[in-house]
Number of protein chains: 2
Amino acid sequence: MSRKVLVVGAVALGPKAACRLKRLDPSAEITIIDKDYLISYGGCGIPYYVGGDVTDIEGLYSTASHHVRDREFFEKCKDVKLLCRTELISIDRKAKIALVRHLDNDETEEMAYDRLVLATGSTPVQPPIPGVDLPGVTVMANLHNAIQVKDMISKGKVSRAVVIGGGAIGVELAESLTDLWDVETTLIEMMDQLLPPAFGKDMSRLIENHMTEKGVNILLEEGVTRILGDEKTGVTGVKTNKSEIPCDLVIVAVGVRPSSQIAREAGLAIGMYGGILVDKRLRTTDPNIYAGGDCIEMTHLVSGQRLPMPLGSLANRQGRIIGTNLNGGWEEFKGTVGTFCLKVFDMGIARAGLTVKQAEDAGFDPVYAVVAQSEHAHFYPDHALIFIKLIADRNTRKLLGIEAVGSKGDAVKARVDAVAALFQYNADVSGVSNLEVSYAPPYASAMDVVNAAGNTLENIILGRNIPIDVADLVKKLEKNEVRVLDVRGKIESRPFIEKYGDRWINIPQEELPDRFGELPVDQPLCLLCDTGLRSFETQIFLGSRGITRTRNIQGGYGMLMLSYPEIIPA
Amino acid sequence: MSRKVLVVGAVALGPKAACRLKRLDPSAEITIIDKDYLISYGGCGIPYYVGGDVTDIEGLYSTASHHVRDREFFEKCKDVKLLCRTELISIDRKAKIALVRHLDNDETEEMAYDRLVLATGSTPVQPPIPGVDLPGVTVMANLHNAIQVKDMISKGKVSRAVVIGGGAIGVELAESLTDLWDVETTLIEMMDQLLPPAFGKDMSRLIENHMTEKGVNILLEEGVTRILGDEKTGVTGVKTNKSEIPCDLVIVAVGVRPSSQIAREAGLAIGMYGGILVDKRLRTTDPNIYAGGDCIEMTHLVSGQRLPMPLGSLANRQGRIIGTNLNGGWEEFKGTVGTFCLKVFDMGIARAGLTVKQAEDAGFDPVYAVVAQSEHAHFYPDHALIFIKLIADRNTRKLLGIEAVGSKGDAVKARVDAVAALFQYNADVSGVSNLEVSYAPPYASAMDVVNAAGNTLENIILGRNIPIDVADLVKKLEKNEVRVLDVRGKIESRPFIEKYGDRWINIPQEELPDRFGELPVDQPLCLLCDTGLRSFETQIFLGSRGITRTRNIQGGYGMLMLSYPEIIPA
């Protein structure tokens, strides 16, 4: 059957839906419109273009075989009509007509459709800060912003930059500016941690410390109250509730919201976060109108809540589903588990599911383990620690979330993707303990770090492992409320004993059977080893000898050193 | 409750089960016996010790925190008694007494147990080849073999080696010998491919070519008929049904079989592959006797068949389960999906589930897709192809297997582990299409290679994509039975046209709408692009124009080049 399909938006989902439909039904008449002339680009590549990893902007809107995805490409290779600089104004759903405006000549046109696809994406939030519209202040919404910023930098106009917002885009941009361009970069975040919705504060601290080490100036719990400068000189600085930072570039990256205004005006149902509501087949409340990508709300498969999830990977997969369904197919998008990863300088980070806070908000009773272990067999050279935080519900043991950080990004991704695959099946902690991940000494441990995370969390849930977070430990250590029993070797512990005096006790694990009598029975003891495994064994051993006021330091020395480098003796 | 537990075998599963039980019940009286004095080592590290990546043999039997796992370690740190050089002779199940022999003084002892754990591992198959017991011929069963071989090599006694058996151990050893020691190494395999049970022939060809390129001499479909040499000079060569290879070292790696003789003699049930039969709790047919690791048979979760799966990672996880159950817990080992990975020089390979052949043998009707795609966003620098073969049942679309190969091992592992997690849930192909793997340009594509594999397989199952394997293509091309339509650029295709004349046609994809009239309508055409995606689009386009005798070359030029480099013009 021949039919007219109009697709609004030509970045990720729109072209994907169009090309998929065309492959299923070469006779379909498809038109894509976009208000921009730069289209079908990899938006997630913008920070890498700004940072110089991607040298040529064309790379972002070319195919893997180096075809520029422009109007001609879509017409010649895909047989899809593309109207750039064409904006959707309104939808007459009854008549099935979209009113569009051609921006180059300001003329409007009525376009009839049998099916309409809304791929309108999202819009960066522009916070109401005085000075936000000064020259030199920009959001990072599209390629034009990226070109403008890179132009400023490459002309030497930027020596100091401020990025407002410590989410994924802010973190990536701060890296880009610092890493390649050596721009003195300050990253400002209102919350008390980076990446607040994606990572817990403990894991995020590893990321912050790494970024600080790489030269990014991170300001947490600071809110920007004013952007300084004037129309002529442009931005000169940023004022927060605590400080003032001089700069010649400000990038605002405080989040995005679904672009759903016209859908709303057309009477389509909109969710509480402003995203278009769709069913599993990605149809809006009008069965002739599909929507997907950043402009919709989708179901979180762990919490059951509906929310926007602006990720290019989801947009692509949804685009394919819409293409299938436009052809009369029945393909479902069941929801998201919020999987994502990020490169942060020499660190790879990834996560899926809910954080502890999100889990609490969703009504769960979350409990978690933090483990540190080499990403491959400890006897094989060049190993690097991976830190995993695994979260489950205390009562049902249902898996809720995973966060991971390490210096080998692909290895971090491997652990998170494998566990993320379990979320949709309502797996519990034992699903991670027994997860059959592939093993060879260069790539994994026989008892892999991801299995260890499951094992540890099970032990914590069952009360066999009584943990303490490094954050709590540090607080209590500073207040002199606890002593540390360090079961590592004498050499490793000596500097700590010098620094902390009798608050730090060293008995190597193998000497404990003969020496546990030296320990105070009545005082709280926090147990430390390299990663948390031997300290766990120690906890059990001491418990069997009547020393029960012990807490096992989660993630051990590895976690302590990277989270609180300031407490480590020089 | 206090109880006596006897564990037979101190390599992987035995110590794990013992230590787990001890952590759950510090009062348990546990004794581990082993006939060797080198114990608790990472057997999978042996090739890396031979090859020099692991310089110190102690590394293989030390903990991550560099404690040597010897008798003293187990007694001091684990409170577990360890008897080395002690061999199990027989089991009196009724009396719950194990008869053991102390090898150092040849004395026997009766050891009473409440629970017995059989962790007796596996024994290398010693093929009945004349000369197999000559000096310089060895299996690689334990650390002694490894030390002996490394000693020979490091003393300069080995300039040419033959490895018999192209399984995982054979491949790893061939790499070790070639890579570090520059030993001229020949790898002999009786079947027509390397890694026959783990990979299909197509994927295995990528591995073979890579190894050949790295200097390993690979002989397929050759059976060793005699090992040459004499008692005094030792081995001097190997004779096969086709050739004779001079050498001064022969490593026999033709597989292992479960060490289950004493279990059998004690009347425990044994499976058809010689492995001890266990229930999900890993109890043998005697509820007081547990078994796990290489000596048992386990259920393959995809085929439902029972078979041995001698992998250190499974042994470790099973050890923990046995430890839990010894303490009265109820933990189940549901089975295996046969996940495994391997480093082969600069290539990482991984697989899970069934191969096409295994699937056929198990009664499925397998269909598969082979895709090639950069492991991360094509616009981000330094990308490397990953090749994925995804296998499903044609009728039910149930996922059956995945095989992957690429130059970034962690990235290969990431894809396989995520898909492997789905097998246990009886997922179908759409589970891979829509698998929510994490995305960031340095680590993945927005439509990741693993999703692309799912999409392609679905298209093949539904008859939208009609593929041809590169192997078939090459055969037909040589016999002049097909022509290739190369939709890549003019420059890429020119050398092929020079070599193949009118058997090779080039029309770049974007010119097809104007030029498809040039194509023969009545002749079979095989469509080629870089990876198989544009050729798929071409197949659909041509089909809509009445040109229907087309086949899409699976994995495109990438697969062709790495599988059949000989057909690529110089």
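Two strands are taken to pair if DSSP finds at least two bridges between them. By that criterion, in this predicted model, strand 10 (residues 160–164) of chain B is joined to strand 11 (residues 184–189) of chain B through 5 bridges, and the two run parallel. Within this pair, Val162(B) stands opposite Thr186(B) of strand 11. Of the 5 residues of strand 10 of chain B, 4 are buried, so this strand is largely enclosed by the rest of the structure.

Chain B also contains antiparallel sheets. In one of them, 3 strands form an open sheet in the order 4-5-6, with antiparallel pairing. Strand 4 (86–92) and strand 6 (107–112) of chain B occupy the edges, and each has a single partner strand, so one side of each is left without a neighbour in the sheet. On average, and with direction ignored, neighbouring strands of this sheet are turned by 25° against each other. Strand 5 (residues 97–102) of chain B pairs with strand 6 of chain B over 6 bridges in the antiparallel sense. Val100(B) faces Glu109(B) of strand 6, standing opposite that residue.

The loop between strand 5 and strand 6 of chain B holds Asp106(B). The phi of Asp106(B) is positive, about 60°, although this residue is not a glycine. Asp106(B) counts as exposed because it has 7 C-beta neighbours inside 10 Å, and a residue with 12 or fewer is placed in that class.

A second open sheet of chain B has 5 strands in the order 21-22-25-24-23, again with antiparallel pairing. Here strand 21 and strand 23 (366–374) of chain B stand at the edges; each has a single partner strand, so one side of each lacks a neighbour in the sheet. The average turn between neighbouring strands of this sheet is 15°, direction ignored. Strand 21 and strand 22 of chain B run antiparallel and are joined by 5 bridges. In this pair, Lys343(B) stands opposite Gly348(B) of strand 22. Helix 10 of chain B packs on the sheet, where it touches strand 21, strand 22, strand 24 (385–393) and strand 25 (399–406) of chain B. The direction of helix 10 makes about 5° with that of strand 22 of chain B.

Helix 10 of chain B also leads to the interface between the chains. There, 72 residues of chain B are in contact with 72 residues of chain A. Several elements of chain B each supply at least two residues of the side that touches chain A, including helix 3 (71–78), helix 8 (312–326), strand 21 (340–344), strand 22 (347–353) and helix 10 (409–423). The largest share of this side, 11 residues, comes from helix 10 of chain B. By character, the residues of the side of chain B that touches chain A divide into 38 nonpolar, 19 polar and 15 charged.

The arrangement of the two chains can be described by a superposition. A turn of 180° with a shift of 0.0 Å along the axis lays chain B on chain A with an RMSD of 0.0 Å. The two copies are thus related as by a two-fold rotation axis. The same surface serves both copies, as 100% of the contact residues of chain B recur in chain A.

In chain A, helix 8 (residues 312–326) has 15 residues and reaches 21 Å from its first C-alpha to its last, close to the 21 Å expected at 1.5 Å a residue. All of helix 8 of chain A is buried, 15 of 15 residues, so it is largely enclosed by the rest of the structure. Helix 8 of chain A is followed by Gly328(A), which has a positive phi near 90°.

Helix 10 (residues 409–423) of chain A likewise has 15 residues and reaches 21 Å from first C-alpha to last, close to the expected 21 Å. This helix is mostly covered, with 15 of its 15 residues buried. The loop between helix 10 and helix 11 (429–433) of chain A contains Asn426(A). Asn426(A) has a positive phi near 60° although it is a residue other than glycine, and it is partly exposed, with 13 other C-beta atoms within 10 Å.

Pro495(A) lies in helix 14 (residues 490–500) of chain A. With 13 C-beta neighbours inside 10 Å, Pro495(A) counts as partly exposed. Pro495(A) is separated from Arg415(A) by 80 residues in sequence and by 34 Å in space, C-alpha to C-alpha.

Methods
Residues are numbered from 1 along each chain as its sequence is written. Chains are lettered from A and ligands numbered from 1 in the order in which they are written. This is a predicted model: local features need pLDDT of at least 70, side-chain atom pairs count only at pLDDT 80 or more; totals for chains, interfaces and linings use all residues. Copies are superposed by least squares on the C-alpha atoms of residues with pLDDT of at least 70 in both. Two residues are in contact if their C-beta atoms, placed from the backbone, lie within 7 Å. The expected span of a helix is 1.5 Å times one less than its number of residues. A residue is buried if 20 or more other C-beta atoms lie within 10 Å of its own, exposed if 12 or fewer, and partly exposed in between; C-beta atoms are placed from the backbone. Ala, Val, Leu, Ile, Met, Phe, Trp, Tyr, Cys and Pro count as nonpolar, Asp, Glu, Lys and Arg as charged, and the others, Gly among them, as polar. Axes are lines fitted to C-alpha atoms, for helices over the stretch in contact, and angles run from 0 to 180 degrees between N-to-C directions.
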